[in-house]
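Visitor: Please pick one part of this structure and take me through it slowly. I would like to know what packs around it, and with which residues.

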Amino acid sequence: MMDDIERQLLDGGRPEPGRDVRARVLAAAMPLVRRDDSRLDRVWFSRTWRTAGATVFVALVVTEMLSGSPAPTVAPPGRAALETAQAVETAARDAGLPAAQASALAARALAIASQPAAAPLNVDALLQGSMR
Amino acid sequence: MTKTALPLVISTAVRQPRDDRRDVQSLRRLVRGDRDALGDLYDAHAAALFRHGLALTRCMADAEDLVQAVFLKLATTGAPLIAVRSPGNYLHRILRAAWIDEQRRPAVSREAPLQEDDDASLWDGRLARRSGRAAGADDVDAAIDVTRALATLPAVQREIVQLHLIEGFSFREAGRITGVSMFTAASRYRVALGRLRQMMGRR
């Protein structure tokens, strides 16, 4: 609610610029007006477009977060690796090793043979190492 | 309280929301190169901008220069005007920025502030140009006194009184225009009115 001071201030009149000011201001400013409404500007400065862009970005981020990264999968051992492991197990049994140790050697051989860019497996060295 | 007093309270307490649609359209026309839009914006806002400038500078010539600076800036801004949602606030912000720039220039290039006698003639002139309102001599004298008292306040206090009370900006809008929070704007207004009451000998 207004008090008397505010009321008196409101009653204090409202000055306006002189009559010649409009002509002077417009004469100075109008020549500077230039057409500047490229499509890119309209998109860049439009709140609608900005909001739409931000919404799409957030939607993409949320979608990415909800879908999550795919679970790491272990590639099944290749056929060559299985054959190598089987050969190692057979050789170990032939050499007189217990079945458990032969199986462990086969698993180790399978792991080595399954590695990408694995070096050629030296079965003799593997057997000799386990018999020491 | 009587029944007749109620509408007055409501009319002073509730401000009509501004309709910026026409001004927004004018800005878009301006971006498209329509020079007449500049004239429309001038007719809609120049008087308020001038009064804002007058509140800051207390000098009519400086206030007119600030108005011109606003419209020069408006004419050269171009596409960013598309993003302006509240042209009234925007124009007043430009005016304030122009005033700050002017303050930063060497003092010798600025006009000296008006003296007491000049203030009196200025504010008397404000009242002399007041149009179409019959008022008693006592009312006019009181208005002259309080308006002179207002002229002695610091610029930021004169400014907030002008923006909020005279031009009808909310504290939030006035705060945005002046670069302070809504609460700071309200505080400045309260302090300004308090000092005016002190000067007028009222509590």
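Guide: An angle between two axes counts as roughly parallel under 35 degrees, roughly antiparallel over 145, roughly perpendicular from 65 to 115, and oblique for the rest. The axes are lines fitted to C-alpha atoms, for helices over the stretch in contact, and the angles run from 0 to 180 degrees between N-to-C directions. Residues are numbered from 1 along each chain as its sequence is written, while chains are lettered from A and ligands numbered from 1 in written order. The model is predicted, so local features need pLDDT of at least 70 and side-chain atom pairs pLDDT 80 or more, whereas totals for chains, interfaces and linings use all residues.

The part chosen here is helix 3 of chain B, residues 36-57. Helices are DSSP runs of H or I with at least four residues, strands are runs of E with at least two, and both are numbered from the N terminus. Chain B has ten helices and zero strands, and chain A has seven helices and zero strands.

Start with the partner in the other chain. Helix 2 of chain A, residues 19-29, packs on helix 3 of chain B at an angle of about 140°, with the axes 11 Å apart. The two helices are therefore oblique to each other. Their crossing is right-handed; that is, the near helix is turned clockwise from the far one by less than a right angle, and anticlockwise would be left-handed. Chain A contributes Arg22(A), Val25(A), Leu26(A) and Ala29(A) to this contact, and helix 3 of chain B contributes Leu38(B), Gly39(B), Tyr42(B) and Ala46(B). Contact requires that the C-beta atoms of two residues, placed from the backbone, lie within 7 Å. By class there are six nonpolar residues, one polar and one charged. Here Ala, Val, Leu, Ile, Met, Phe, Trp, Tyr, Cys and Pro are nonpolar, Asp, Glu, Lys and Arg are charged, and the others, Gly among them, are polar.

This packing belongs to a contact between the chains that takes 47 residues from chain B and 34 from chain A. Helix 3 is one of the elements of chain B that give two or more residues to the side touching chain A; the others include helix 1 (5-13), helix 4 and helix 10 (182-199). That side of chain B divides into 31 nonpolar, seven polar and nine charged residues.

Ala46(B), one of the contact residues above, lies in helix 3 of chain B. Ala46(B) counts as buried because it has 23 C-beta neighbours inside 10 Å; the limits are 20 or more other C-beta atoms within 10 Å for buried, 12 or fewer for exposed, and partly exposed in between. Apart from neighbours within four places in sequence, Ala46(B) touches Pro17(A), Arg22(A) and Val67(B). Ala46(B) and Phe71(B) are 25 residues apart in sequence, with their C-alpha atoms 9.1 Å apart.

Both Val67(B) and Phe71(B) are among the buried residues of helix 4 of chain B. Those buried residues pack against helix 2 of chain A and also against helix 2, helix 3 and helix 5 (87-104) of chain B.

Next come two partners within chain B. The axes of helix 3 and helix 5 come within 10 Å and cross at roughly 35°, in a right-handed crossing. Helix 3 supplies His45(B), Leu49(B), His52(B), Gly53(B), Leu56(B) and Thr57(B), and helix 5 supplies Gly88(B), Leu91(B), His92(B), Leu95(B) and Trp99(B). The residues of this contact are five nonpolar, six polar and no charged.

With helix 8 of chain B, the axis of helix 3 comes within 7 Å and crosses at roughly 155°. That makes the two helices roughly antiparallel. This crossing, too, is right-handed. Arg51(B), His52(B), Ala55(B) and Leu56(B) of helix 3 meet Ala155(B), Arg158(B), Glu159(B), Gln162(B), Leu163(B) and Ile166(B) of helix 8. The classes are five nonpolar, two polar and three charged.

Finally, consider the C-terminal end of the helix. Arg58(B) sits in the loop between helix 3 and helix 4 (60-77) of chain B. Most residues other than glycine have a negative phi. Arg58(B), not a glycine, has a positive phi of about 60°. Arg58(B) is buried, with 20 other C-beta atoms within 10 Å.
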